[in-house]
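Visitor: I'm new to reading protein structures. Could you walk me through this one?

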Amino acid sequence: MTDVSDHRYMQLALALGRRGQGRTWPNPAVGAVVVKDGIIVGRGWTQPGGRPHAEPEALKRAGDAARGATLYVTLEPCSHFGKSPPCADAVIAAGIARVVSAVEDSNPEVGGQGHARLRAAGIAVEVGVCGEEAVRDHAGHFLRIREKRPFVILKLAVSADDKIAAAGHRPVAITGEAAKARMHLLRAQSDAILVGIGTVLADDPLLTCRLPGLEAQSPVRVVLDRALRLPGESRLVHSAREHPLWVMTSDLSEAPAAMKLGAAGAQVIRLPVITAPMPGLDLKAVSNTLSEKGITRLMVEGGARVASSFLSAGLVDEVWLLRGPDTIGMDGIPALDTQPLSVIAQSPRWRVRATETLDRDILTIYERT
């Protein structure tokens with residue numbers, strides 16, 4: 001029977017799983033804890049690249065103590081042979097007596113079969129402890145299976161008067177160091193980060209994680225660049241061999257420009273263009289392609305047109321809205337290209353999930369209802 005300790009150990013498993021966010025794609029970032037006689041004897045989380053999985057990592061650390069123990073895991077143990085043997089078989093072989101699983105895996109290759117295999121082996125199985133949190137943590141995995149797209153976090157940093165830049169798209173400092181550090185952590189927890197070519201031309205961003213010790217966890221950088229205007233001298237191109245750079249362009253863009261980017265280490269991906277509601281790349285095709293390449297968590301960071309387009313297409317799952325204390329003025333650039341910010345802050349389609357104070361800035365996280 002589920003009790004308070006089950007909840008506590010599952011919370012630990014969830015925290016362990018989040019350690020892998022941004023590094024385990026195309027696999028979900030799972031956490032696992034092995035407990036025997038009230039003592040934690042093994043912990044594990046999905047390793048970079050998605051292997052080994054969390055369960056064999058925790059079982060390896062537990063060793064012989066796993067026999068007769070309880071395994072807490074944030075997602076149903078897999079039951080199929082992929083690039084690794086089934087985790088359900090490893091759990092059975094280890095002699096685990098009870099499995100507490102947060103949520104069933106909707107992957108049709110698993111879909112309850114892992115739990116069924118465990119029960120058939122005489123292991124007690126309980127499902128649903130901290131299930132709501134697990135569904136949120138694994139949302140990218142579930143969306144990739146169900147809708148062929150990643151979980152999308154739209155990040156907006158706006159002034160007190162809802163602007164993102166000064167007149168002429170001139171960059172201005174909107175948020176302080178604490179807020180910037182929080183966003184760099186979000187980058188490290190994302191599989192990929194996406195901007196439009198307008199942001200690249202205006203800001204020449206690097207789009208890496210610059211938190212000490214987390215530089216290696218920088219996400220894949222994705223640029224929407226219909227006409228391949230990405231400058232060869234940009235910081236993104238210069239760093240393409242150190243950090244992956246994917247340039248998504250029109251299937252009609254010029255081949256010589258694509259060849260130059262490819263020679264610099266970037267990957268050029270050609271996609272169809274749409275004309276309505278605004279001319280540009282088909283964002284559904286963008287999302288589907290990123291999902292096919294294994295991306296489960298996508299951070300959309302700029303700029304106003306890209307943000308507005310993702311919202312209009314219904315492809316945003318969370319909005320991280322950072323609000324600075326200063327104003328920019330009437331001639332500043334609005335946060336969203338074709339919509340007021342109230343489409344998020346005052347819409348019944350969005351609800352506030354969390355708020356954080358970061359020195360003088362306020363972070364509000366909205367989730368879709």
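Visitor: Which residues of helix 4 are buried?
Guide: Keep in mind that this is a predicted model. A residue counts as buried when its relative accessible area is under 20%. In helix 4, which covers residues 113–120, the ones that qualify are G114, H115 and L118.

Visitor: Why do the buried residues of helix 4 line one face of the helix?
Guide: Here's the general idea: an α-helix has 3.6 residues a turn, so residues three or four places apart point the same way. Now look down the axis of helix 4. Its buried residues line one face because they all fall within an arc of 100 degrees.

Visitor: What covers those buried residues of helix 4?
Guide: Try finding the neighbours in the picture. One of them is a helix, namely helix 3 (87–94). The cover also includes two strands, strand 4 (98–101) and strand 5 (124–127).

Visitor: Which residue just after helix 4 takes a positive phi?
Guide: Follow the chain on past the end of helix 4. There you meet a residue with a positive phi of about 90 degrees, and that's G122.

Visitor: Let's move to the second largest pocket. Which helix gives the most to its lining?
Guide: This pocket has a volume of about 580 Å³, and 28 residues line it, with N27, P28, H53, H80 and N107 lying nearest its centre. Helix 2 (54–62) and helix 6 (139–146) each supply at least two lining residues. The top contributor, with 3 residues, is helix 6.

Visitor: How many residues of that lining are nonpolar, polar and charged?
Guide: Sort the lining of the second largest pocket by class. You get 11 nonpolar, 10 polar and 7 charged residues.

Visitor: How far apart along the chain are Y9 and Y72?
Guide: The structure holds 2 aromatic pairs. In one of them, Y9 and Y72 sit 5.2 Å centre to centre with 45 degrees between the planes, which makes the pair tilted. Both of these residues are buried. Y9 belongs to helix 1 and Y72 to strand 3, so the pair links distant parts of the chain, 63 residues apart.

Visitor: And W25 and W246: what kind of aromatic pair do they form?
Guide: W25 lies in the loop between helix 1 and strand 1 and W246 in strand 10, so the pair ties together parts 221 residues apart in sequence. W25 is partly exposed at 22% relative accessibility, whereas W246 is buried at 7%. Planes over 60 degrees apart count as edge-to-face. With 6.2 Å centre to centre and 85 degrees between the planes, this pair is edge-to-face.

Technical notes: Residues are numbered from 1 along each chain as its sequence is written. This is a predicted model: local features need pLDDT of at least 70, side-chain atom pairs count only at pLDDT 80 or more; totals for chains, interfaces and linings use all residues. Side-chain values use heavy atoms; hydrogens and water are left out. Buried means under 20% relative accessible area, exposed over 50%, partly exposed in between (1.4 Å probe, protein chains only). Helices (H or I, at least four residues) and strands (E, at least two) are DSSP runs, numbered from the N terminus. The arc is that of the directions from the helix axis to the C-beta atoms. Contact means heavy atoms within 4.5 Å. On a 1 Å grid over the protein atoms alone, a cavity is a set of points where a 1.4 Å probe fits but cannot get out, and a pocket is an open set with protein on both sides within 12 Å along at least five of seven lines; lining residues have an atom within 4 Å of a point. Grid points are joined across faces, edges and corners, and a volume is the space filled by probe spheres set on the points. Ala, Val, Leu, Ile, Met, Phe, Trp, Tyr, Cys and Pro count as nonpolar, Asp, Glu, Lys and Arg as charged, and the others, Gly among them, as polar. Rings of Phe, Tyr and Trp (its six-membered ring) pair if their centres lie within 6.5 Å; planes under 30 degrees apart count as stacked, over 60 as edge-to-face and the rest as tilted.
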